[in-house]
Amino acid sequence: MAFRRVTLFRFFGYKIRADASWFFIAVLISWTMSSKIYPQALHGQSPHVYQWMGVLTVAGILFSIIMHEVAHAVIAGYYQMRITSITLFIFGGVAEMEGELSHPKGEFMMAIAGPVMSALLGLFFWAAANLYVQYIAADGLSVVLKTLGTLNLEIAVFNLVPAFPLDGGRALRAIIWHTKNNLVTATRIASAGGAVFAYLLLGYSCYNFVVLNDTVAGIWWGILGFLVHASGTSAVQQMETRALLGVEPVTRFMHNNAVTVSPDLSVSDLVENYINRHYQRVFPVVDNGLLVGVVSLSSVLSLDRGKWNWLHVASVMEPLSPTIVIAPEASAADALETMQRHGREMLLVAEKGRLSGVITFRDIASFLTISIKIDHDRPVKRGRIAH
Ligand SMILES: [Zn+2]
């Protein structure tokens, strides 16, 4: 599900982003509420009122999901796991974590923080709805508040189902991780629970279609089942990749035969004597033995050809940043994650400002393909991911 992600705003210091699918779902929810649910819950209002109720409900759900994810993020931060951003997906959000899980207790606490927040929000909205009805009126707003209360309680319960990758499944995985001391086994077991749950959801979706003749409910349960299944599978793959690569240092895949260039080289020289001669699309830029940046074929091609003669590498190179440089002691899993996160096909391995070599996506990928084929059932060596 690689949809485009848009950054919406910052909240509590976290970048809140939305997957494009969320906008589609927001419209669908708003439409379902204003055309089907609310006209039944509250009779005799104009279509306008129902539309406003639908929009308010979507805003309330957005707020509720963000609070749920912020609760995960705050607890993760408490246990020294860094959350970089929160992305809203079709059925909730995902707090994106940088690096690895620290330990079972942290993972457990982080997992249950979200449903606890949803339960609290549910009680809050429910109480607000009751107070509103008692002191003000039983109108559209009270119905929306009551709906948000119910929805939050449902989100809490749904997420507590012990089916990975739902929060309950993560909590279960943390417990198995703690008892078996193996994160990969724990992920596999918790994901099996997730798969069973996904099939139950799909079955229930069919039941809605065929027996109850309820197409809307059928579609919703079907989407949920499909998503639980898809994200569970990719979580297991990610975990296996980590298990294989987590113990391999970057230096194992590093080449130190990359051709480097100097910052005062002209761009035309770079094209003629380097890009055309060496099978290399990205060149580390080294000045007096120190790594200063990186210059790529694509940045050269984006230049006007007339400028090639008088522009130098220094003015077109990309300066060093953690998105392109990695330390030799980092794991290959970290390197792969950095490449995927920033769309790189290569990283520079450097120590104390000096280039040690380069590591490419292709080398890691072929290692993975071969190792997974050769000894898929090999007991995974304990690395940094299970303590
Ligand atoms: Zn959650």
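The four donor atoms around the zinc ion subtend angles of 54 to 149°, and the arrangement is therefore irregular, since four donors count as tetrahedral only if all angles lie between 85 and 135 degrees, and as square planar if opposite donors are over 155 degrees apart and all others between 65 and 115. In this predicted model, local features need pLDDT of at least 70 and side-chain atom pairs count only at pLDDT 80 or more, whereas totals for chains, interfaces and linings use all residues. Residues are numbered from 1 along each chain as its sequence is written, and side-chain values use heavy atoms, with hydrogens and water left out.

The zinc ion is coordinated at 2.0 to 2.6 Å by NE2 of His-68, NE2 of His-72 and, twice, OD of Asp-167, where donors are N, O and S atoms within 2.8 Å of the metal (3.2 Å for Na, K and Ca). Along the chain, the donors follow the spacing H-x3-H-x94-D. Distant parts of the chain are thereby linked, with His-72 in helix α2 and Asp-167 in helix α5 (residues 167-180), 95 residues apart; helices are DSSP runs (H or I) of at least four residues, numbered from the N terminus. Both His-72 and Asp-167 are buried, that is, under 20% relative accessible area with a 1.4 Å probe, protein chains only.

Pro-165 lies in the loop between α4 and α5 and is also buried, with a relative accessible area of 16%. Apart from neighbours within four places in sequence, Pro-165 is in contact with Arg-170, Val-228, Ser-231 and Gly-232, contact meaning heavy atoms within 4.5 Å.

Methods
Four donors count as tetrahedral if all angles lie between 85 and 135 degrees; four count as square planar and six as octahedral if opposite donors are over 155 degrees apart and all others between 65 and 115; anything else is irregular. Helices (H or I, at least four residues) and strands (E, at least two) are DSSP runs, numbered from the N terminus. Buried means under 20% relative accessible area, exposed over 50%, partly exposed in between (1.4 Å probe, protein chains only).
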